[in-house]
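Here is a short note to read alongside the structure. Take the points one at a time, and keep the 3D view open as you go.

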Amino acid sequence: MNCLINNYEIKGDSIIVTFSDKYKIEQHSKILLIKRKSQIEHTFKVSLDKFSKAYIDCDIFSTGIWDIYLLNADSKKIRSQGSDEVYSNAPVIYSSSEKNYNLDFYQTKNENVSIKVTALDLSVDLHKVKRNSQDIALSLKLDPMYPLENYDRNSSSIVLEPMNIQSNYIEIPANIEQLNGHYLIIFTLTKKNKSHLLKLHLGKWKVNLKYSINQVYRKEKIKILDDSLLDQTNDLMELNELIESYFYKTKNEFLGFEFKKAVQIRNIEHFDFDEDKIVMTVQSGLDVIAENSDLKTSFLLRNRYTGETFEDIHFTETKEKNFNSFKITIDLTKLQHKIDNTFTIFDAYARVQYKSYFFQKKLRFTEFIYYKDHYEKNTFFKQKNSLILFSQAYSPFGNIKLLTYKLSRKNELKLKYNRQISKVFSRNKDVWLIGERFDTAQDNGYHFFKYCRDNYPNLPIYYVIDTSSKDYNRIRNFGNVVKYGSDKHFNLLLRAKVFIGTHDFENILPVPGQFLDSFQQGIRIFLQHGVLGRKNVEYHKQFYKYPFHMFCVSSTKEKDLVKSIFGYDENEVKITGLSRFDSLDNTVTKKSILVMPTWREWLTDEKTFIESEYYKRYHSLLHHSRLQSLLVENNIHLEFYPHYRMQPYIQHFKSNDLKNISIVQLGEVTVQELIQRNNLMITDYSSVSFDFSYLNKPVLYYHFDFDVFFKNGILRDKSETFLGEISSTEDNLFNLLEDIIHRDFVDKIKTSDKRASLFNYIDLLNNKRIFDEIKSIVG
């Protein structure tokens with residue numbers, strides 16, 4: 001028979017457990033408590049007075065489950081059970097100078113008695129909020145179950161600590177008062193407090209109550225029961241940026257405090273082509289502005305290649321609580337006059353102005369299925385002598401893109417009957433079409449085309465390029481160069497068997513591939529733009545309706561990455577090396593440095609660009625007196641080549657004060673020439689650094705925003721692909737630069753082992769391997 005526990009009560013620092021007289025307890029028996037999933041156990045004497053009872057010291061407890069046993073005189077362990085009265089009692093509260101616990105006696109599945117020990121939450125309701133300008137006074141009503149009777153007067157304060165980081169904290173005075181049998185915790189967060197907090201941390205803060213009992217301090221989380229806290233306490237701080245501050249209830253229902261930058265809302269709820277119009281329903285506003293009367297909103301389209309804007313957009317609005325809902329209409333009969341080139345991409349933006357604060361971001365979908373080569377919404381718009389195809393596409397982040405393709409009426413007919421025409425032409429020689437971005441000829445596409453023309457001049461292999469491009473003159477005399485979107489381009493397209501690109505095929509197709517039977521039935525080759533291993537680019541097989549049949553890489557590790565992350569099969573990934581590597585050679589004639597950073601996708605307009613850390617860092621670097629001195633004193637020339645997406649803003653870097661520094665514009669010189677004629681490269685994360693490493697020339701890396709740039713993850717370990725010394729500060733970068741100049745541009749870090757993991761081949765046979773692999777597929 002198990003021993004029975006009749007009752008329990010807490011007295012001081014002990015729980016008194018009383019046993020039933022139905023079970024005779026022997027002299028020298030003890031009560032035993034064992035904490036589950038641990039080796040912790042404690043024993044206490046059982047006194048045999050009028051009632052058998054034991055005194056359990058509450059200080060032994062920690063949170064968890066404790067099982068109760070009786071140890072008789074010969075140390076036999078007997079499991080304890082409880083009477084019905086035991087389980088009807090409410091949990092008791094144990095409070096000491098250091099901790100508060102709920103002690104709950106409960107019945108297990110086997111009808112035994114155990115104690116569940118949980119931390120006692122300091123639970124509060126929102127009693128009152130008083131506001132005076134940006135001062136917020138909170139009165140919190142404490143749950144009467146919580147023991148505060150013995151707290152030391154004038155010892156209490158509210159402690160605010162940054163969430164998830166080690167940083168400074170601040171304390172503000174708090175009063176604990178009694179009202180109608182309840183305790184109230186009262187404190188005021190002043191405007192001055194907020195300014196101090198904001199200097200320490202922009203983000204979320206933990207809010208705890210600190211007080212003492214018998215001069216021993218304890219700090220407790222505050223569990224808040226009220227959901228209206230945010231709406232009642234939010235304030236808008238008009239500083240250099242709009243900042244919202246408020247108290248809120250965390251996911252675990254604790255009291256928290258947060259500073260949050262104003263975020264622009266720009267969500268597309270619906271998009272469609274309606275005859276000769278684009279119709280969208282859009283949510284737009286600022287998430288920190290409850291009333292929209294002070295907001296001014298407008299919309300625009302921007303040509304990605306020329307920067308020209310189209311702002312003749314009609315919209316009507318419907319006011320909502322925290323944003324405005326707009327119906328937008330874009331008249332294609334007006335937009336057509338902004339389309340001069342055969343292929344154009346427009347980005348759509350929402351502009352919001354609140355007082356002197358200006359916001360502008362791309363419109364986006366929050367729910368979408370992303371494909372790089374297939375567009376659900378399309379419309380054909382007829383002009384007098386031509387046709388424009390409008391296609392609505394997505395960026396990887398859901399931003400809307402409007403792609404436009406301009407076709408002659410003759411090519412419109414070819415497109416309409418492309419399947420029948422392709423079947424007729426299929427009896428002729430197969431055509432290969434090669435390209436990069438539709439307006440360039442200097443990357444892997446250019447070098448592979450040159451190899452084909454030099455070695456197989458009689459094969460029908462063609463290069464596609466916009467003839468207005470600055471690179472056109474570099475390639476025009478090779479022969480078999482075709483103008484993007486021309487009649488000849490369409491004729492070749494309908495006969496094409498092989499499509500070869502360094503980027504997505506929208507750059508070498510005059511219409512989306514979903515409209516072309518020859519493209520869908522053809523062989524698709526990806527030469528690549530660089531070596532993969534850093535940024536998680538979107539060349540995953542799942543993003544294509546018509547994926548690549550052959551994916552070129554430079555090493556075994558890169559092949560494994562393309563298979564495991566991008567989803568391609570073993571036989572689809574070929575270790576060939578990059579075409580352009582065959583033409584790399586050192587042509588350095590004087591001491592020179594190339595500074596060539598990559599882009600930041602979040603910089604979507606000029607204003608954002610010139611306000612960004614990215615621009616400020618590189619502007620400071622180029623104009624720094626220490627750099628000027630190093631260049632002049634050592635007779636070194638520096639070439640700064642902004643990424644092609646940065647080129648529209650290149651004027652912001654130019655200055656008459658720059659000494660021994662050239663700002664290189666797109667089209668003046670090829671990237672390959674820059675790589676070959678410079679001794680040292682300074683970059684951040686650009687894959688062009690692999691070309692420098694291929695030549696065994698040193699690279700310095702400037703990583704001032706590594707965590708932000710790679711917030712979506714990095715493909716390979718940082719140490720595998722950054723072959724050179726890395727700096728996160730300007731001063732350290734100059735120290736490294738000065739050191740390497742004094743060593744005559746000899747890298748002190750040996751990179752030969754890492755170099756071998758990036759390149760399976762360092763020879764002049766990359767193009768041959770690519771050609772042979774394509775021929776093996778074509779047959």
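Which strands does helix 9 lie across? Keep that question in mind while you look around; the first point answers it. Please remember throughout that this is a predicted model.

1. **Helix 9 and its strands.** Helix 9 lies across strand 33 (431–435), strand 34, strand 35 and strand 36 (496–501). Relative to strand 36, helix 9 runs at about 110°. You may like to turn the view until you can see helix 9 and strand 36 together.

2. **The sheet underneath the question.** Strands 33, 34, 35 and 36 belong to an open sheet of 7 strands, whose order is 35-34-33-36-37-38-39. The pairing in this sheet is parallel. As background, strands of a sheet pair through backbone hydrogen bonds, and the pairing can be either parallel or antiparallel. Note that the order of the strands in the sheet, 35-34-33-36-37-38-39, is not simply the order of their numbers.

3. **The edges of the sheet.** Where does the sheet end? Strand 35 (481–483) and strand 39 (573–575) stand at the edges. Each of these two has a single partner strand, so one side of each is left without a neighbour in the sheet. Across the sheet, neighbouring strands are turned against each other by 25° on average, with direction ignored.

4. **One pair of strands in detail.** At one edge, strand 34 (residues 461–465) and strand 35 run parallel and are joined by 3 bridges. To find a spot to look at, go to Val464, which stands opposite Val482 in strand 35.

5. **A helix at the other edge.** Helix 11 (residues 556–564) lies across strand 38 (550–553) and strand 39. The angle between helix 11 and strand 39 is about 175°.

6. **Helix 9 again, now with a helix partner.** Helix 9 (residues 487–495) also has helix 5 (residues 409–416) beside it: their axes come within 10 Å and cross at roughly 10°. An angle under 35 degrees counts as roughly parallel, and helix 5 and helix 9 are therefore roughly parallel to each other. From helix 5, the contact uses Lys410, Asn411, Lys414 and Leu415; from helix 9, Asp487, Phe490, Asn491 and Leu494. By class, this contact has 3 nonpolar, 2 polar and 3 charged residues.

7. **A second helix pair.** Helix 13 (residues 613–623) packs with helix 14 (residues 625–633) at an angle of about 45°, and their axes are 5 Å apart. Helix 13 and helix 14 are therefore oblique to each other. Leu621, Leu622 and His623 in helix 13 meet Ser625, Leu627 and Gln628 in helix 14. The residues of this contact divide into 3 nonpolar, 3 polar and no charged.

8. **The largest cavity.** How many cavities of 30 Å³ or more does the structure hold? There are 4. The largest cavity contains about 110 Å³ of space. Its lining has 13 residues, and the closest to its centre are Lys372, Asp373, Tyr375, Phe505 and Glu506. By class, the lining has 8 nonpolar, 1 polar and 4 charged residues.

9. **A look at His374.** His374 is found in the loop between strand 29 (364–365) and strand 30 (377–382). Leaving aside residues up to four places away in sequence, His374 touches Gln514 and Lys545. For a sense of scale, the C-alpha atoms of His374 and Ser583 are separated by 35 Å, and these two residues are 209 residues apart along the chain.

10. **The second largest cavity.** About 60 Å³ of space lies in this one. Among the residues that line it are Phe271, Met280, Phe346 and Gln392. Strand 22 (277–286), strand 27 (343–354) and strand 32 (400–408) each give two or more residues to the lining, and the largest share, 3 residues, comes from strand 32. The lining divides into 9 nonpolar, 1 polar and 1 charged.

11. **An open pocket to finish.** The second largest pocket has a volume of about 240 Å³. Of its 15 lining residues, Met163, Lys206, Thr250, Asn252 and Phe254 are the closest to its centre. Which strand gives the largest share of the lining? Strand 16 does, with 5 residues. The classes here are 7 nonpolar, 4 polar and 4 charged.

Conventions
Residues are numbered from 1 along each chain as its sequence is written. This is a predicted model: local features need pLDDT of at least 70, side-chain atom pairs count only at pLDDT 80 or more; totals for chains, interfaces and linings use all residues. Side-chain values use heavy atoms; hydrogens and water are left out. On a 1 Å grid over the protein atoms alone, a cavity is a set of points where a 1.4 Å probe fits but cannot get out, and a pocket is an open set with protein on both sides within 12 Å along at least five of seven lines; lining residues have an atom within 4 Å of a point. Grid points are joined across faces, edges and corners, and a volume is the space filled by probe spheres set on the points. Ala, Val, Leu, Ile, Met, Phe, Trp, Tyr, Cys and Pro count as nonpolar, Asp, Glu, Lys and Arg as charged, and the others, Gly among them, as polar. Helices (H or I, at least four residues) and strands (E, at least two) are DSSP runs, numbered from the N terminus. Axes are lines fitted to C-alpha atoms, for helices over the stretch in contact, and angles run from 0 to 180 degrees between N-to-C directions. Angles under 35 degrees count as roughly parallel, over 145 as roughly antiparallel, 65 to 115 as roughly perpendicular and the rest as oblique. Contact means heavy atoms within 4.5 Å. Two strands pair if DSSP finds at least two bridges between them.
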